[in-house]
Amino acid sequence: MTLAYQSATYQPNDCIALAPTWLYQDFEQRALQISQQLQQQKINAIAVWFEDGANLACTLLGCWHAHVKVLFPPNDTPESIEWATQNADIWLTDQETAPSVAEHFAHFGIKQNVQKNEQSRPLIDRHNQTEIWLKTSGSTGEAKTIIKAAQELWLSADVLANALSFANGNHFSAVSSVSIQHIYGLTVHIMMSLAKGWKIARKQQFFPECIATESKQFENTVLVSSPAMLSRIDWQHFSIPNLAGIISSGGALPEELSDNIRQISEKPVIEIYGSTETGPIAIRQDTGLWQTLPYSQVGTDEQGALWLEAEWAKDRQQTADAVEIYPNGFKLLGRIDRIVKIGDKRTSLVSVEQSLVKHEFINDCYIARHPDQDRLASWTELSEQGVNALREKGRKFVIEQLKQYLAFNQETSAIPRFWRFTDKLPRNSQSKISRLDFEQICRETVTEPIWLSKTEQDDTQILQGKVPLDLHYFKGHFANFPLVPGVVELQWVYHQVDMLFGINKPILRIDNLKFQKFVRPNDLFELRLKWEETKNRINFQLKTDNEMCGSGLIIFTNE
């Protein structure tokens, strides 16, 4: 069988996007202007970075019409910028702060003489073979380039659009909390909106309150989101106006959260499982088995890892996800590389993580084999209760509580031996943790605060910082009631004096040294440093909650 394409339902005066309003005939005209400009300049490839989803949709259609390759850097790191610059003729963006080498969407091709079409017509050739390049963000530490054809994106969007049990027509709108620079946001927020005739909400929303505000302007909102965002919403007390349904990807929704959203919102929740390499693989509308999409086939290799054969994927695509296949669907067991052997025991890291996050001390965690030891390490985001427990009873107490909790349903070998605590795990827009970041946090000894900002007021430097939960100096004498020793506070002061003032003189003495209040884990603090040149000294004050913690005068020699 051949997958039937969805027919976009836009008419010339239908609305593509709001704020400002963009009608289909103007949208199409703008895409053709871009196409004509690209052909005139003989451009073969462009790199794109867009904040506005409707602008990106327009640019994509223009590029494909001109058969111009499109590159999607996943972030603005030097590595990603270099990758895009090496492989593209120009950058195209809608950001005002873009590099001078970038062309701006608002001006590119705007003078091309293209007439509006008063009759409805297909947006583009759905069989187009023009390439897009997607650079993975390198969650395993090894980034790579995935090449797809425009036809594959259309097919991916169409098979999902056909499988979606609701929301057909332009009285629905896609509001997204995920990046359009990645395959999920690109396929669902952009391509599926075009396939189903939805309005495209322009900007990615980073907070639940912003999602609610954005949704107010639409008649029916389809929220395109992720487990990371959906878990941040207090569904019991927070509502999204005009919500018609939710689409989630980037990891499986925890069962309790999934059921909670469905029961409270009374709206459909559709989960999508797939990857950059494979495109979509399966969906589910409850917490049961994943349902393979039409026009595709799945199986497993000798390690039990899922493979996909589908019309929208080149050849057979092998994943690293372990599954159990049943007659009516399949169950995800976790990645093969997330099933490790510790000693003689096979351990599912996903299972350990799912157990651990149920503890009241934990908001989130990432567990993997320690980079230098044959035991597990946990990078753990503490909840408010967890932070309070660490502050009042110490790191050792928290670890023992977590180990005892895991012992109820995990083998001894599956209980992490190494623990690193934070108040927020640095997950990317796809809810992934960088393997390189994990390895670094396992190996480093934390001796410095987290410096948040620096301002200057007259001759005083004002720094804002936070005390890390994993500060090295909490160990030993301060194990049961962690606090920053006074000598460490002085060490932080010395370091900043050196960094900010570059005073290359020996210290003679410290006068009026006072420590008046404890500095504790997770405390936000302010450090003020005033250079009194005529007196050859630094006046320092360290405060939390506007209360003095430490102060003194550092006197330098005259040498």
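In which loop is the place of N242? N242 sits in the loop between α7 (227-230) and β12 (243-248), and the tour will return there after an overview.

**Before selecting anything**

The model is predicted, so that local features need pLDDT of at least 70 and side-chain atom pairs count only at pLDDT 80 or more, while totals for chains, interfaces and linings use all residues. Residues are numbered from 1 along each chain as its sequence is written, and side-chain values use heavy atoms, with hydrogens and water left out.

**The whole protein**

Display the full protein: it has 13 helices and 30 strands. Helices (H or I, at least four residues) and strands (E, at least two) are DSSP runs, numbered from the N terminus. Along the principal axes, the C-alpha atoms fill a box of roughly 85 × 60 × 45 Å. Of the 559 residues, 53% count as buried; buried means under 20% relative accessible area, exposed over 50%, and partly exposed in between (1.4 Å probe, protein chains only). Among contacts with a separation of 6 or more, 63% come from residues 24 or more positions apart, where contact means heavy atoms within 4.5 Å.

**Helices α1 and α2**

Select α1 (residues 24-40) together with α2, which covers residues 53-65. The two pack at an angle of about 50°, with their axes 8 Å apart. That angle makes α1 oblique to α2. Axes are lines fitted to C-alpha atoms, for helices over the stretch in contact, and angles run from 0 to 180 degrees between N-to-C directions. Angles under 35 degrees count as roughly parallel, over 145 as roughly antiparallel, 65 to 115 as roughly perpendicular and the rest as oblique.

Next, show the side chains at this contact: F27, R30, A31, L32, I34, S35, L38 and Q39 in α1 meet A54, A57, C58, T59, L61, G62, C63 and H65 in α2.

**Helix α4**

Move to α4, residues 150-163. At 1.5 Å a residue, its 14 residues should span 20 Å, and the end C-alpha atoms are 20 Å apart, which agrees; the expected span is 1.5 Å times one less than the number of residues. Because 12 of the 14 residues are buried, α4 is largely enclosed by the rest of the structure. Among the buried residues are W154 and D158. To see what covers them, add elements including α2, β7 (131-135), β8 (145-149), α5 (183-196), β13 (269-275) and β14 (279-284).

**Two buried strand residues**

Select T460 in strand β26 (residues 460-466). T460 is buried, with a relative accessible area of 11%. Beyond its neighbours within four places in sequence, T460 is in contact with T455, R528, L529 and K530.

Then go to I555 in strand β30 (residues 547-556), which is buried at a relative accessible area of 10%. I555 and I507 are 48 residues apart in sequence, yet 6.0 Å apart in space, C-alpha to C-alpha. Leaving aside neighbours within four places in sequence, the contacts of I555 are I507, L508, R509, D511, N536 and R537.

**Backbone details in loops**

Three loops complete the tour. A cis peptide bond, with omega about 0°, joins A19 and P20; P20 is in the loop between β1 (15-17) and β2 (22-23).

Return to N242, which has a positive phi of about 60° although it is not a glycine. N242 is partly exposed, with a relative accessible area of 36%.

Finish at D315, in the loop between β17 (305-310) and β18 (316-326). D315 is not a glycine, but has a positive phi of about 55°. D315 is exposed, with a relative accessible area of 69%.
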